[in-house]
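Here is a colleague's note for someone meeting this structure for the first time. The points below can be followed with the model open alongside.

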Amino acid sequence: MAGDPHSSQPADGQEDLAALRARIDALDAELLERLSERARCAEAVARVKRSQESNPVFYRPEREAEILRRVREQNPGPLSGEAITRLFREIMSECLALEHPLHVAYLGPVGTFTHLAARKHFGHAVETQPLASIDAVFDAVETGRAQFGVVPIENSSEGVVTHTVDCFMDSSLQICGEVVTPIHHHLLTHAEDLGQVRRVLAHAQALAQCRQWLDAELPHAEREAVSSNARAAEIAAQDPTVAALASQAAADHYQIPVRAPHVEDRADNTTRFLIIGSGTTEPSGADRTSVMLTTANRPGSLYSLLKPIAESGISLTRIESRPSRCTPWNYVFFLDLVGHQQDPLIRECLEQLRASADTVKVLGSYPQAAT
């Protein structure tokens, strides 16, 4: 009816929808042009660096950290800060690949949480190389077979990854970044029923992080530690009596059903990973410095190490001790300080530490993880 106020609404709605779609098409075209312009700028940066520097450095962790921090702060919504970070990370990854391809080694195989951390930090345009051990990742970077490596350092539930800490004792590599990622373990198996599972395989840390769930749901199954969760998934893919604790990515890659999702004992289960490389990193404005210290086993030695840090007001976010492997009952201390070694407070603190410690080795100053 002509006088019905509702009679024209469908047509108006169609017109509004058509107008919105046209607007989206126009924005997509504008985005495409801007992305292409950014990529051309990246190519120009590469040309300038090659013409002006004998050994140009293309990947600058502090520069990427500054960009990601800025876009998160300027983000007006409705996209979340996490979504914006993820989008810009991939844009930077693709642009960097135009400048100079990156080769990144990580604790493999494909589908490990370290693999996911590498993708989260570097994006999907880098060339990744899965390796069988943390030692192998360090070796690949030290010998130049990879420019960077990704290794786990600590878990919020189970603490430090001692193998990674020990590798720094004999390595000249620097920490140039960190990644913090939530860890969600799923039980993967081809078994139709949990009662058919005879063995549960995973990395030792994953088994520890799911201990309570395994005690309650799979008390009859033998638990076996393997080199990685992805390796566990590889084995479970071939044997229906085996279950693996692994990521969704591992389930997809090895085509194993998820029989029980999120079996970690703590919902806030999180792991911190380190990015290792051969070069130093400039200040980004929100940094962390990792230091390795040794001191003689005498009364008050640890106090003398910590005193300069406390008096300077520097935040100490982590301290670990490991056997020195040189003298029985002597220890190496690993500290994380908030700030960059070029900051006046950190620089002065390091000078005081050198006066009281037997050795002081700065493992790197690097941008704090973008969440």
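1. In this predicted model, Arg60 and Glu62 form a salt bridge in which the closest N and O atoms lie 2.9 Å apart. The two partners fall into separate accessibility classes: Arg60 is partly exposed, with a relative accessible area of 24%, whereas Glu62, at 8% relative accessibility, counts as buried because the limit for a buried residue is under 20%.

2. A salt bridge also joins the side chains of Glu33 and Arg40, with an N to O distance of 3.1 Å. Here Glu33 counts as partly exposed at 44% relative accessibility, and Arg40 is likewise placed in the partly exposed class, at 43%.

3. The salt bridge between the side chains of Arg288 and Glu178 has an N to O distance of 2.9 Å. This pair links distant parts of the chain, since Arg288 belongs to strand β12 (residues 287-294) and Glu178 to strand β5 (residues 174-182), with their positions 110 residues apart. Both Arg288 and Glu178 are buried. They also belong to one network, in which salt bridges that share partners join Glu154, Glu178, Arg272, Arg288, Arg318 and Asp336. For the structure as a whole, the count comes to 17 salt bridges.

4. How many disulfides does the structure hold? The number is zero, so no pair of cysteine sulfur atoms comes within 2.5 Å. For individual cysteines, the accessibility values can still be read: Cys167 counts as buried at 10% relative accessibility, and Cys210 counts as buried at 0%.

5. Turning to helix α9, which spans residues 229-236, the reader will find that its buried residues are Asn229, Ala230, Ala232, Ala233 and Ala236. These residues lie on the same side of α9, because they cover an arc of only 155 degrees around the axis. What do the buried residues of α9 pack against? Their partners include three helices, namely α4 (113-122), α7 (204-209) and α10 (248-254), and the strands β6 (186-188), β7 (199-202) and β9 (242-246).

6. Helix α4, one of the elements against which the buried residues of α9 pack, also takes part in a β-α-β unit, which it makes together with β1 and β2 and which is right-handed. The two strands of this unit, β1 (residues 103-107) and β2 (residues 127-131), pair in the parallel sense over five bridges. Within this pairing, the bridge partner of His103 in β2 is Glu127.

7. A last point concerns Gln255, which is found in the loop between α10 and β10 (258-260). Is Gln255 buried or exposed? With a relative accessibility of 65%, Gln255 counts as exposed, because the class begins at values over 50%. When residues up to four places away in sequence are not counted, Gln255 touches His190 and Ala250. As for its position relative to Val160, which is 95 residues away along the chain, the C-alpha atoms of Gln255 and Val160 are separated by 31 Å.

How values were computed: Residues are numbered from 1 along each chain as its sequence is written. This is a predicted model: local features need pLDDT of at least 70, side-chain atom pairs count only at pLDDT 80 or more; totals for chains, interfaces and linings use all residues. Side-chain values use heavy atoms; hydrogens and water are left out. Buried means under 20% relative accessible area, exposed over 50%, partly exposed in between (1.4 Å probe, protein chains only). Helices (H or I, at least four residues) and strands (E, at least two) are DSSP runs, numbered from the N terminus. The arc is that of the directions from the helix axis to the C-beta atoms. Contact means heavy atoms within 4.5 Å. Two strands pair if DSSP finds at least two bridges between them. A crossover is right-handed if, with the strands pointing away from the viewer, the path from the first strand over the helix to the second runs clockwise. A salt bridge is a side-chain nitrogen of Lys or Arg within 4 Å of a carboxyl oxygen of Asp or Glu.
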